[in-house]
Amino acid sequence: MGTKFRVDSYHLGLAVTGDAAIHLFVQAPATGPATVLTSILIDGGDSGGQARLRDTIAQIQASGKYTFPTPGTLKFDKVVITHWDKDHWRGIIYAMKEDIQVQMTVTPPPPSAVDLEVRFLRYQPGAIGHPRTPQTMFYFPAQGWPQKTGPLLVCTTKPTTADPADANLRFTNETTNKTVQVNNVCRVRMEPLGEPNNKEPSLIGLNLITGSDLPPVASKTTVQNYQGITSPKMLVTANPPAVPGHAGIYIIGASYRTIGPPPPFHIVDEPHGTAKNKSSIACMIMWPAPAASPPLTPPRLSHYFAGDMHWQEENALVDWTGADGTRGQRGRWVATAKTSHHASKTSTPTNLMSAFNPRHVIASVGAHYSHPSWELIFYLRGWQWNEDAAKASLTPLLATQFPYYLVKQRDPITLEEIWIPMPSRADSMSVVYLDGGAAVGTTYRTEVSTMYTQAAAVLKEDSAVGLTDPWTDWAKAKASGTDGKTWVRERIASYWNELSPVPSSAHTYDGSRCTGTNELVTPARHLAWLRIESHDDDALDGSVYVRYMGDTQDSVVWPTTPPTPPAPVPVATPTQLPPVVAAPDTLLIPALANVLGNHTTISPNPTPPASTSQRASSQRAKVASREASVWQLAGWSFSWRGTDPDEGYRGDDEEVVGVSSLLKEPAGPVLPPGGPPLGTPSPLVAPYYYICSSVVQYEAPPPSTTVK
């Protein structure tokens, strides 16, 4: 296998609200490190996100996976701020500010900060006595560009898409309380609020890898030009990559506008959205068809991401792609799609999921605003099952952390569980669409029901198992007095581990409590990043890898090699059964509690109280072979249950008490529950299989000695 090209997209787990991704277009030899040809940063999360951004840059540099144009150093050629919500831009600007501040503290200090360089941006050195020239280009929409408070990018002349401007970085030094300005820190191009005038270029149609705009057409205005690009094939033909075989990362929407003709207006989702969100920049990674392909062969659509873009604009982009969800057919599906607006109900319309039919769906989420939204998750659950067993077998939802609203708190002594109380600004889970929401709610429920009806037919054909429409279940739960939020949380918790590979340990509530704020220290098992590889290759496009904070290597999520069946082991008596060994985070013991002020806390004492040890032993036996991801907070002990999708909600006696990794039991075998079933069934003869760790009990001798 010779040299190939790919795009490595690092979607960061920020541990704060927001969105951030690093995209590296690389040339990869058969062996050895890949050469980075273009590096692009898209968004940086809220304040606090700069720490994860710096850490990720450092780990990428030290990984040995890449060589860089500047040896050993990752410097971004392009930076995109998709829109000016603080949870997308602050992490970038704060990282720039802090990098300059570090350089100002050296001994001896620089005479001035004016000509310092942000070390993860690119510059061209100036002649002797002349300042350096910035080379990194920033792209962003005009809507909401902050110009008054906080660290800022400011320009002496207004930037436009036609005439990029140099931007200065301005901030207040907290130590001296003086204003610091770094001149010409980067270049900026801004998509105007209104339509570009006449021939003024637009960011729409621009290829971020080459930096080239959609070429003008003499007889058309700029708007007529990009509205006349009616398909991805037309775009990659009009603005091709610099070299055959290269990918393009194309801007296909910005400032309320999208490429291609305006589509017919139709409502399929939440109608509200902010002006900033609607102005978001949307991008798509595409691979033009190889030169030997038939003339009309469309490009491969690898990876879609669109900031907080609203559903109206996304619908237009779905129509423009012409995708119909046929997997394996070039140009007719999208291998990976990032949900816009952190998987909220205002973005990622249902027809995007149907038409793109991605293998994996990324949700960049934090601990606020009920992201990922239950409305989208309900739809995804039906969509997961609507095609065939191969699609249903995947866990498609790649969240950058476990949903905070699925956390339960458990008293370490009484073992009583309740859903974690959410701070008021985070407790924004509206359940109006369960049975209200006027016309929009009715449309949403109808579309979900349609998807579940289709999925139920597929599931029944493949497995003879039914799939219940959520509204049928909700009607029963409501009649029994269950409140909407509780029911939504229980339903999602019941199948989360079949919908997503992200465990409950990947969560910002893990660890110890920060004094006075209820914010908690991130442990080693928090998700650092999801890495998506985009290839011009059916077998590899959309490959997924995950890195947790305490790990030194990425773990593969997809594609995976089917596991090798275990060698048969003869069964004689129950005492000769293979020992059940717990996964690293499953078998835990209760801890002693003490009181600090009004908050119950967990004591780092590995010895359980006598009153709970026997009960804990029984509980451990019951869950030894079932995933039960758990964690501890100072203040409560937390657990999350993973049950089969068609099982009811189990009581506390089926659960495990969760504590920190410091309180785990010593490693060793854990015996299954003792005692064979009543009666003496016929002995099994190898080969035999265990199915889902369940005990199959016959009232009469089994029909054969083989269980299939």
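Visitor: In which loop does Pro-372 lie?
Guide: In this predicted model, the peptide bond from His-371 to Pro-372 is cis, with omega near -5°. His-371 is found in the loop between β17 (360-363) and α8 (374-384). Pro-372 likewise lies in the loop between β17 and α8.

Visitor: Is His-371 buried or exposed?
Guide: Leaving aside neighbours within four places in sequence, His-371 is in contact with His-341, His-342, Ser-344, Val-365, Gly-366, Tyr-404 and Tyr-405. Its relative accessibility is 8%. Buried means under 20% relative accessible area. His-371 therefore counts as buried.

Visitor: Where is Pro-108, which a cis peptide bond joins to Thr-107?
Guide: The bond between Thr-107 and Pro-108 has an omega of about -5°. The place of Pro-108 is in the loop between α2 and β6 (123-124).

Visitor: What percentage of the residues in the protein is buried?
Guide: The secondary structure comes to 13 helices and 27 strands. Among contacts between residues at least 6 apart in sequence, 69% join residues at least 24 apart. Of the 708 residues in the protein, the buried ones make up 51%.

Visitor: Which helix gives the largest share of the largest nonpolar core?
Guide: The largest nonpolar core has 91 residues, and those with the most contacts inside it are Ile-252, Tyr-304, Trp-374 and Ile-492. The largest share of this core amounts to 8 residues, and they come from helix α10 (residues 438-463).

Visitor: How many residues does the second, separate core have?
Guide: This second core includes Tyr-10, Phe-171, Val-182 and Trp-529. It is separate, and its residues number 50.

Visitor: Which residues does Ile-252 touch, not counting residues up to four places away in sequence?
Guide: Ile-252 is one of the residues with the most contacts inside the largest nonpolar core. The residues that Ile-252 touches, with that exclusion, are Ile-204, Leu-235, Thr-258, Ile-259, Ala-282, Cys-283, Met-284, Met-286, Tyr-304, Leu-317 and Trp-320.

Visitor: How many of the 11 residues of helix α6 are buried?
Guide: The buried residues of α6 are Trp-311, Glu-313, Glu-314, Asn-315, Ala-316, Leu-317, Val-318, Trp-320 and Thr-321. Helix α6 (residues 311-321) is followed by Gly-322, whose phi is positive, near 75°. The helix is largely enclosed by the rest of the structure, because the buried residues of α6 number 9 of the 11.

Visitor: Are α1 and α2 roughly parallel or roughly perpendicular to each other?
Guide: The axes of α1 and helix α2 (residues 86-104) come within 8 Å and cross at roughly 70°. Angles of 65 to 115 degrees count as roughly perpendicular. Helix α1 is therefore, relative to α2, roughly perpendicular.

Visitor: How do the residues of the contact of α1 with α2 divide into nonpolar, polar and charged?
Guide: The crossing of α1 and α2 is right-handed. Gln-50, Leu-53 and Arg-54 of α1 make the contact with Gly-91, Tyr-94, Ala-95 and Glu-98 of α2. These residues divide into 3 nonpolar, 2 polar and 2 charged.

Visitor: What separates the C-alpha atoms of Ala-62 and Gly-72?
Guide: Ala-62 is found in helix α1 (residues 49-62). With a relative accessible area of 65%, Ala-62 is exposed. Ala-62 and Gly-72 are 10 residues apart along the chain, and their C-alpha atoms are separated by 7.8 Å.

Visitor: How are α11 and α12 placed relative to each other, oblique or not?
Guide: Helix α11 (residues 470-479) and helix α12 (residues 484-499) pack with their axes 11 Å apart, at an angle of about 135°. Pro-470, Asp-473, Trp-474 and Ala-477 in α11 meet Gly-484, Trp-487 and Arg-491 in α12. The residues of this contact divide into 4 nonpolar, 1 polar and 2 charged. From the angle, α11 and α12 are therefore oblique.

Visitor: Does Ala-438 count as buried or exposed?
Guide: Ala-438 lies in helix α10. Its phi is near 55°, a positive value in a residue other than glycine. At 62% relative accessibility, Ala-438 counts as exposed.

Notes: Residues are numbered from 1 along each chain as its sequence is written. This is a predicted model: local features need pLDDT of at least 70, side-chain atom pairs count only at pLDDT 80 or more; totals for chains, interfaces and linings use all residues. Side-chain values use heavy atoms; hydrogens and water are left out. Axes are lines fitted to C-alpha atoms, for helices over the stretch in contact, and angles run from 0 to 180 degrees between N-to-C directions. Helices (H or I, at least four residues) and strands (E, at least two) are DSSP runs, numbered from the N terminus. Angles under 35 degrees count as roughly parallel, over 145 as roughly antiparallel, 65 to 115 as roughly perpendicular and the rest as oblique. Contact means heavy atoms within 4.5 Å. Ala, Val, Leu, Ile, Met, Phe, Trp, Tyr, Cys and Pro count as nonpolar, Asp, Glu, Lys and Arg as charged, and the others, Gly among them, as polar. A nonpolar core is a set of buried Ala, Val, Leu, Ile, Met, Phe, Trp, Tyr and Cys residues joined through side-chain atoms within 4.5 Å. Buried means under 20% relative accessible area, exposed over 50%, partly exposed in between (1.4 Å probe, protein chains only). A crossing is left-handed if the near helix is turned anticlockwise from the far one by less than a right angle, and right-handed if clockwise.
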